[in-house]
Amino acid sequence: MTRKRVAVLISGRGSNMAALIAAAKAPDYPAEIALVLSNVPGAGGLAIAESEGIATATIDSKAFPRDREGFERAMQAVLEAQRIDIVCLAGFMRILTPWFVGRWEGRMINIHPALLPAYKGLDTHARALADGAREHGATVHFVTPEMDEGEIILQEAVPVLPGDTAETLGARVLAVEHRIYPAALRMIATEYRLI
Ligand code: GAR
C-alpha cells in the first residue's frame, strides 16, 4: 500500500490535526501526515506536530497584506516540495482563492463545526443555540471556491441539550469532529484518483 502524503493546514490549537496524526499511526491507515503548515506563527498545533516528529512549516499570512495569491503561491511551493497528495484544512481560518482551490480540486477537504448546509461561516454553535436548533453537528466536505459549499463526505449530528452553552455544545461537536475527520480522510485517501 502506498500511503498518500497529507498536509494538514492549521491556524490554531490543532486538535483535529492531532486526531488525524493519531489515526494515521494505524498500520492500515491509507495516509501519512507528512506536513503540518500554519499561517499563524506559534500556532499551538505546531508544537504538537513537532513533538510527533512531523515536518512543520509556517507561512505568515500577515506577511502578505492584500496579496492573497502571493500567500497561496508560497504555500503551494511548500506543498509541492513535500510531494503532498491531499490537503486537510483543520481550523485553517483563511478563505482560499479559486486559483489555489483549483490546484487541489478533489484533493482538499475541510472540517466544519455544523451540519452543512446549515451554519456556514463562524460562530456556528452560538447561532445554532440562538435559533433553538434541536440538533447540531460537524461535516467533512471537499473544498470548492465558495466557502463551506463543497460535496459532503461525512457528517454526524449531536443533540442540543437543555442548558447548553456554546462551549458545552462546541465540546460535544468537537468530539464528533475528532472521529469523522480521520474517517473521511481514510475514505478519500483510499478512493481518490489523481486528476
Ligand atoms: C474546529 O472546531 C473546526 O471545525 C473549526 O475550527 C476548530 C479548530 O479547532 N473550523 C472552522 O470553523 C472552519 N470554518 P482545532 O484547531 O482544535 O482543530
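**Notes on a predicted model with a bound ligand**

1. Ala-34 belongs to strand E2, which covers residues 31-38. The model under discussion is a predicted one, and every value quoted in these points should be read with that in mind. In this model Ala-34 has a relative accessible area of 10%, so the residue counts as buried, the cut-off being under 20%. Its C-alpha atom is separated by 5.9 Å from that of Ala-7, although the two residues are 27 positions apart along the chain.

2. The shell around the ligand deserves a full listing, since a reader setting up a calculation will want the names. The residues that surround the ligand are Arg-13, Gly-14, Ser-15, Asn-16, Gly-91, Met-93, Ile-111, His-112, Pro-113, Leu-174 and Glu-177. Sorted by class, this shell holds four nonpolar, five polar and two charged residues.

3. Which atoms of the protein come within polar-contact distance of the ligand's oxygen atoms is worth setting out residue by residue. In Gly-14, a backbone N or O atom lies 2.9 Å from an oxygen atom of the ligand, and for Asn-16 a backbone N or O atom is likewise placed 2.9 Å from a ligand oxygen. With Glu-177 the side chain is involved, as one of its N or O atoms is 2.7 Å from an oxygen atom of the ligand. Taken on its own, the ligand has 450 Å² of accessible area, and the protein covers 87% of it.

4. As for the site as a whole, the space that the ligand takes up is the largest pocket. Three elements give two or more residues each to the shell around the ligand, namely helix H1 (15-23), strand E5 (108-112) and helix H6 (166-191).

5. His-112 is one of the residues surrounding the ligand, and this histidine is found in strand E5. Its relative accessible area is 3%, and because the limit for a buried residue is under 20%, His-112 is classed as buried; that percentage takes account of the protein chains only, so the ligand does not contribute to the cover. Thr-139 lies 27 residues away from His-112 along the chain, while the C-alpha atoms of the two are separated by 5.3 Å.

6. Helix H6 contains both Ala-171 and Val-176, and the two may be considered together. Ala-171 has a relative accessibility of 48% and is therefore partly exposed, given that the exposed class begins over 50%, whereas Val-176, at 4%, counts as buried. Between the C-alpha atoms of Ala-171 and His-125 there are 9.8 Å, with 46 residues separating the pair along the chain. For Val-176 and Met-75, which are 101 residues apart in sequence, the C-alpha to C-alpha distance is 29 Å.

7. Two arginines call for a check of their backbone geometry. Arg-66 has a positive phi of about 55° although it is not a glycine, and its place is in the loop that runs between strand E3 (55-58) and helix H3 (68-81). Arg-83 also shows a positive phi, of about 50°, without being a glycine, and this residue is in the loop between H3 and strand E4 (86-89). Most residues other than glycine have a negative phi, which is why such values are pointed out here. With regard to accessibility, Arg-66 is exposed at a relative accessible area of 82%, and Arg-83 is exposed at 56%.

8. A last point concerns a peptide bond. The bond from Leu-116 to Pro-117 is cis, with omega near 10°, and Pro-117 itself is situated in the loop between E5 and helix H5 (124-130). Most peptide bonds are trans, so a cis bond merits a mention in a note of this kind.

Definitions and conventions:
Residues are numbered from 1 along each chain as its sequence is written. This is a predicted model: local features need pLDDT of at least 70, side-chain atom pairs count only at pLDDT 80 or more; totals for chains, interfaces and linings use all residues. Side-chain values use heavy atoms; hydrogens and water are left out. A residue is near a molecule or strand if one of its heavy atoms lies within 4 Å of it. A polar contact is a pair of N or O atoms within 3.5 Å; within protein, one must be able to donate a hydrogen and the other to accept it, and residues adjacent in sequence count only if both atoms are side-chain atoms. Accessible areas come from the Shrake-Rupley method with a 1.4 Å probe; for residues, only the protein chains shown count as cover. On a 1 Å grid over the protein atoms alone, a cavity is a set of points where a 1.4 Å probe fits but cannot get out, and a pocket is an open set with protein on both sides within 12 Å along at least five of seven lines; lining residues have an atom within 4 Å of a point. A molecule sits in a cavity or pocket if more than half of its atoms lie within 2 Å of its grid points. Helices (H or I, at least four residues) and strands (E, at least two) are DSSP runs, numbered from the N terminus. Ala, Val, Leu, Ile, Met, Phe, Trp, Tyr, Cys and Pro count as nonpolar, Asp, Glu, Lys and Arg as charged, and the others, Gly among them, as polar. Buried means under 20% relative accessible area, exposed over 50%, partly exposed in between (1.4 Å probe, protein chains only).
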